[in-house]
Amino acid sequence: VSKAIDLAKAEQSRPSIIITRTHIGYGSPNKQDTSEAHGSPLGDDEIKLTKKAYGWDPEKQFFVPEEARQQMSQIQTGAEKEAAWNKLFAEYKKQYPELAAELEKIWVGEFGDAWKKAIPVFTESMATRDASGKTLAAIFPQLPTMLGGSADLTPSNNTFVKGTPDFQANNRSGRYIRYGVREHAMAGIMNGLALTDGIIPYGGTFFVFSDYMRGSMRLASIMGIRPIYVLTHDSIGVGEDGPTHQPIEHLASLRIIPNMTLIRPADANETAIAWRVAIEHKTGPVALALTRQKLPTYDRTKFASAEGVVKGAYVLIENSPLPEIILIGSGSEVQFAVAAYEQLVKDHVKARVVSFPSWELFERQSKEYRDSVFPPSVKKRVAIEAGVPFGWEKYVGDAGKILAISTFGISAPFEAVYKHFGLTVENVLATAKELL
C-alpha cells in the first residue's frame with residue numbers, strides 16, 4: 001500500500017486510483033468475510049483470537065506495532081506545516097500588503113460592498129432564471145473567488161457569465177466549470193470548493209435533477225458549508241417536458257433537510273435579493289428555485305420592497321392592516337394570489353397577499369414578525385404552490401385551504417398544465433370566496 005501511494009504521489013499529470021482486494025475482518029478466525037465483521041464489534045474473545053492471528057500479544061490494549069510507530073513518526077506534523085505556512089504568508093504580507101489584506105478579508109467572507117451595489121433592479125417581466133443570469137453577470141466581476149458551473153445545462157440554467165474562461169487543467173484561473181451530465185459529481189466537487197475559505201461555488205441544473213445531488217446536498221447541510229444551487233425549471237411550468245421533468249415533490253424534499261435554505265423568488269427583483277442572501281448566508285447551503293416561464297415583475301412603488309425576501313415571507317400588498325383573508329404564494333404562484341387580490345378589493349374585501357419565498361428564512365425571524373405577517377386572529381388563508389401540499393398546513397391552519405398538486409404532472413403547454421391542476425386565478429378567487 002505504501003509503495004502504491006508513493007507511485008500515485010509521483011504521478012503529476014493525472015489522477016490515480018489504487019484498487020485493493022481485501023478481506024473484511026481480516027485475521028478474525030470466526031468472522032472474517034462475514035456480514036458480522038461489517039455490522040457489529042468483534043467482541044473481546046474474537047479480538048484476542050485475531051491478535052493471535054497477527055502474532056500480537058492478545059492481552060495488550062491499544063497496541064501499535066513498533067514498525068507502524070516508526071513509519072508514522074516520519075510524517076510531518078500539522079503544527080510544523082502550519083508554522084511553515086504562517087512564515088510564508090508573513091513574508092508575502094510584507095511584500096504585497098494590499099493583496100494580503102484582500103486575501104484575509106476573502107478568507108473570512110468579507111467581499112466588500114461593490115458587488116452589492118452592482119445588484120440590478122428590474123422593471124420588465126422575465127423568467128426568474130433570466131433574472132438570475134442577469135444578476136450573476138452584474139456581481140460576478142466584483143467577486144473574484146466566485147466559481148460557477150452547470151451539469152451540461154448552461155444555456156438553460158443561465159449560469160455562464162459572458163467572457164468567463166473555463167477552468168481547465170491548463171487554465172487554473174478559469175472560473176467556469178463544465179461538469180458534464182454529472183449532477184452527483186458536481187455537487188460533491190462544489191462541497192470540496194466550499195471547504196476552501198473564501199470560495200463561493202455555485203452550480204446549476206434542472207430542479208428535478210436535484211435527486212442526483214441529494215447525498216452531497218445533505219452532507220453540505222451537515223457540514224454547514226455554503227454551496228449555492230441554481231435549480232431552474234422549478235415546477236409544472238416546464239410544460240411539455242412532462243412529469244419526468246416536473247419537480248412535484250422537490251420543494252418539500254429540500255425544505256425538510258435540516259440546515260438547507262431554499263428560496264423560491266416570485267419575480268426578478270426577489271431573485272436579485274435572493275442572490276444577495278445566498279452570498280451573505282453564513283451556515284449551510286442555499287438552493288435557488290427558478291422558473292423557466294416568464295413572470296410579472298412587480299412595481300415596487302405599489303408593492304412592498306423585494307427586500308422582504310431577507311425575512312423569508314412578507315406582506316406584498318394589502319388594503320387593510322387587519323385583513324379578512326390572506327392569500328399566500330411562493331414563486332410563480334404569487335401572480336395568481338395578486339390577481340385574485342385585485343378582484344377581492346373590487347368586491348370590498350379586506351385582503352392581504354404574502355409572498356413566501358423561503359420557509360427557512362421566515363422561521364428564523366422573531367415571533368412578533370411572524371405574527372405580523374400571519375396574524376393569529378386571521379384564520380381564513382389560502383396557500384398556492386405548484387408542488388405537493390406537504391408542510392403548508394402549518395401556515396394555513398385548520399381553517400385554511402391549500403391549492404397544490406398531489407399527483408405527478410402532465411405533458412402540455414404550461415398554461416394548460418396549470419389549468420389542469422386548478423392553479424388559476426379563478427380557482428384562487430373561488431376558494432377565497434368559499435372561505436369568506
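Three exercises with worked solutions follow on a predicted model.

Residues are numbered from 1 along each chain as its sequence is written. In this predicted model, local features need pLDDT of at least 70, while totals for chains use all residues.

**Exercise 1.** State the strand order of the open sheet of six strands.

Solution. Strands are DSSP runs of E with at least two residues, numbered from the N terminus. Two strands pair if DSSP finds at least two bridges between them. The order is S3-S2-S4-S5-S7-S6, and the pairing is parallel. At the edges lie strand S3 (176–178) and strand S6 (261–263), each paired on one side only. Neighbouring strands are turned by 20 degrees against each other on average, direction ignored; axes here are lines fitted to C-alpha atoms.

**Exercise 2.** Describe how S6 is joined to strand S7, and find the partner of threonine 261.

Solution. Strand S7 covers residues 286–290 and runs parallel to S6, with three bridges between them. Threonine 261 has valine 286 in S7 as its bridge partner.

**Exercise 3.** Place helix H10 against the strands, then characterise the protein overall.

Solution. Helices are DSSP runs of H or I with at least four residues. Helix H10 (residues 183–194) lies across strand S2 (146–150), S3, strand S4 (200–206) and strand S5 (228–232). The angle between H10 and S4 is about 165 degrees, on a scale from 0 to 180 degrees between N-to-C directions. For the protein, the count is 19 helices and 13 strands. Of its 436 residues, 47% are buried (under 20% relative accessible area, 1.4 Å probe, protein chains only). The C-alpha trace spans about 90 × 60 × 45 Å along its principal axes.

Technical notes:
Predicted model: local features only at pLDDT ≥ 70, side-chain atom pairs only at ≥ 80, totals over all residues. Heavy atoms only, no water. Contact = heavy atoms within 4.5 Å. Buried < 20%, exposed > 50% of the residue type's maximum accessible area, 1.4 Å probe, protein only.
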